[in-house]
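Let's take a walk through a protein together. Have a look at the picture first, and then we will go through it step by step.

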Amino acid sequence: MKKLVLLALMVISIFSSCSDEEDGSYVIYDFAPINFYFEVVNSNGANILDSTSTAYNKDFVAKTSITLQGKNYTMQGNYKAKVTPTTREYFTLFYGITIQYESDGKAYAVIGPFMANYTWDQEMVQIHWGDGSEGVLQFSSSYRMKKNVPVFDRNCQYTWGDSTIVFKGSGYIIKKVE
């Protein structure tokens with residue numbers, strides 16, 4: 001009798017969980033993480049991060065680091081650190097500042113990734129460039145669902161010396177090293 005009741009419950013649960021109705025409300029979004037790209041060039045316009053170039057500056061790379069949430073990350077290490085927030089959701093690990101070659105063949109200093117589906121409020125990244133100059137990257141990012149579609153609001157600015165660049169979308173910043 002117990003087996004018959006158990007079998008009946010299994011059959012009921014299987015058929016009650018299946019439905020032919022598809023209303024499109026079961027969309028799963030995979031948010032691309034936020035990364036910041038810097039192309040670093042010398043006074044001749046040559047990329048000093050590209051290890052295959054004669055302009056490659058090993059000392060600049062070794063001395064470049066960032067500070068985020070009180071922790072230091074060098075360009076040559078600390079690539080798998082946890083950054084607030086930590087959740088049970090999947091997200092890529094924060095790599096600090098790395099050199100990445102993109103589809104255009106150029107080498108970039110990349111800061112990130114940061115979770116895209118999290119509210120970052122005036123997050124500040126101090127950049128310590130290998131030539132001794134300093135910069136500050138400050139960004140805010142939030143998202144909301146509007147009619148089951150994610151809407152992002154992002155503001156970023158990069159400040160160095162007396163100059164500031166404000167941007168909202170994708171792209172990269174060129175840093176010129178004298």
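The protein chain exposes about 11,800 Å² of surface, and carbon and sulfur atoms supply 53% of that area. Keep in mind that what you see is a predicted model. Of the 178 residues in the chain, 35% count as buried.

Now try tracing the chain from its beginning. You will meet two helices and ten strands. Starting at the N terminus, the order of these elements is α-β-α-β-β-β-β-β-β-β-β-β. How do distant parts of the sequence meet? Among contacts between residues at least 6 apart in sequence, 49% join residues at least 24 apart.

Next, let's look inside. In soluble globular proteins, nonpolar side chains tend to be buried together. Here, the largest nonpolar core has 32 residues. Phe36, Phe38, Ile111, Phe114, Val125 and Ile127 are the ones with the most contacts inside this core. Several elements each give two or more residues to the core, among them strand E1, helix H2 (58-63) and strand E5. Strands E6 (120-128), E7 (134-146) and E8 (149-160) do so as well.

Which residues does Phe36 touch, leaving aside those up to four places away in sequence? Its partners are Ala109, Val110, Ile111, Phe114, Leu137, Phe139, Cys156 and Phe167. Two of these names, Ile111 and Phe114, also appear in the list of residues with the most contacts inside the core.

From nonpolar side chains we can turn to charged ones. Side chains of opposite charge can pair when their charged atoms come close. How many salt bridges does a search of the whole structure find? The search finds one. Glu39 pairs with Lys106, and their closest N and O atoms are 3.7 Å apart. Glu39 sits in strand E1 (residues 34-41), while Lys106 is in the loop between strand E4 (97-101) and strand E5 (107-114), so the salt bridge ties together parts that are 67 residues apart in sequence. Are the two partners buried or exposed? Glu39 is buried, with a relative accessible area of 7%, whereas Lys106 counts as partly exposed at 32%.

Finally, follow the chain to the segment after strand E10 (172-176), where you will find Val177. Val177 counts as buried because its relative accessibility is 8%, and the cut-off for buried is under 20%. Not counting residues up to four places away in sequence, Val177 touches Val40, Val41, Asn42, Ser43, Ile48, Phe60 and Asp131. Take Ile48 as one example: Val177 and Ile48 are 129 residues apart along the chain, yet their C-alpha atoms are separated by 8.8 Å.

How values were computed: Residues are numbered from 1 along each chain as its sequence is written. This is a predicted model: local features need pLDDT of at least 70, side-chain atom pairs count only at pLDDT 80 or more; totals for chains, interfaces and linings use all residues. Side-chain values use heavy atoms; hydrogens and water are left out. A salt bridge is a side-chain nitrogen of Lys or Arg within 4 Å of a carboxyl oxygen of Asp or Glu. Helices (H or I, at least four residues) and strands (E, at least two) are DSSP runs, numbered from the N terminus. Buried means under 20% relative accessible area, exposed over 50%, partly exposed in between (1.4 Å probe, protein chains only). Contact means heavy atoms within 4.5 Å. Accessible areas come from the Shrake-Rupley method with a 1.4 Å probe; for residues, only the protein chains shown count as cover. A nonpolar core is a set of buried Ala, Val, Leu, Ile, Met, Phe, Trp, Tyr and Cys residues joined through side-chain atoms within 4.5 Å.
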